[in-house]
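Dear colleague,

I am handing over the structure we discussed. Please find it below, followed by notes on what turned up in it.

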Amino acid sequence: MTKQIDKTDEWQDKLTPEQFNVCWNKGTEPPFTGKYADCKKEGIYHCVCCGNALFDSAAKYDSGSGWPSFWDVISDNSLDQITDTSHGMRRVEIICKSCGSHLGHVFNDGPEPTGLRYCINSASLDLQERS
């Protein structure tokens, strides 16, 4: 009999424990600790799991929250939204549209032109710098 491989087994082999916890257990890295929180490098931020393009650095801004924040996504095919009622709050969870990994949350307190703040865990991102 062929063993069915749970998709999470694949991710555990590919990701660090922190990345796995954030992406597949819906964890959150502590604020101001992620490698992209203060990053000013130009490029495209991709899903660390599947490589789906998520955010352009041109839409990144300092929200003061301690997590990388973006005011827009790179395309309509980047993210899906899910209602999150955990921790006694009602929030909008953001997941990768391609693989379903947890990225963070979106809030309505961002800058114009969208008024949105995509608050994303560094552990869920992979920046591919512009050359």
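Which residues form one aromatic cluster? The cluster consists of Y36, Y45, F55, F70 and Y118. Please keep in mind while reading that this is a predicted model.

Aromatic pairs

Searching the whole structure gives 5 aromatic pairs. One of them joins Y36 and Y45 edge-to-face, with 5.3 Å from centre to centre and 85° between the planes. Y45 also pairs with F70, again edge-to-face, at 5.1 Å centre to centre and with 70° between the planes. Because Y45 belongs to strand β1 and F70 to strand β4 (residues 69-70), this second pair ties together parts that are 25 residues apart in sequence.

As for burial, the cut-off is under 20% relative accessible area. Y36 has 7% and therefore counts as buried. Y45 has a relative accessible area of 0%, so Y45 is buried as well. F70 is buried too, like its partner Y45.

The sheet around β1

Strand β1 (43-47), which holds Y45, is part of an open sheet of 3 strands. The strand order is β2-β1-β9, and the pairing is antiparallel. β2 and β9 (125-129) are the edge strands, each of them pairing on one side only. On average, neighbouring strands in this sheet are turned by 30° against each other, direction ignored.

Between β1 and β9, which run antiparallel, there are 5 bridges. One residue to look up here is G43, whose bridge partner in β9 is E129.

The loop after β1

The loop between β1 (43-47) and β2 (53-56) contains N52. Is N52 buried or exposed? Its relative accessibility is 17%, which is why N52 counts as buried, the limit being 20%.

A polar atom of the N52 side chain lies 3.2 Å from the backbone oxygen of S78. Leaving out residues up to four places away in sequence, N52 touches Y45, H46 and C47, then N77 and S78, and finally C96, K97 and S98. Y45 thus appears in two places in these notes: among the contacts of N52 and in the aromatic cluster.

If you open the model, Y45 is a convenient place to begin: the residue lies in β1, is buried, and pairs with Y36 and with F70. From there, N52 can be found in the loop that leads to β2.

Regards

Conventions
Residues are numbered from 1 along each chain as its sequence is written. This is a predicted model: local features need pLDDT of at least 70, side-chain atom pairs count only at pLDDT 80 or more; totals for chains, interfaces and linings use all residues. Side-chain values use heavy atoms; hydrogens and water are left out. Helices (H or I, at least four residues) and strands (E, at least two) are DSSP runs, numbered from the N terminus. Buried means under 20% relative accessible area, exposed over 50%, partly exposed in between (1.4 Å probe, protein chains only). A polar contact is a pair of N or O atoms within 3.5 Å; within protein, one must be able to donate a hydrogen and the other to accept it, and residues adjacent in sequence count only if both atoms are side-chain atoms. Contact means heavy atoms within 4.5 Å. Two strands pair if DSSP finds at least two bridges between them. Axes are lines fitted to C-alpha atoms, for helices over the stretch in contact, and angles run from 0 to 180 degrees between N-to-C directions. Rings of Phe, Tyr and Trp (its six-membered ring) pair if their centres lie within 6.5 Å; planes under 30 degrees apart count as stacked, over 60 as edge-to-face and the rest as tilted.
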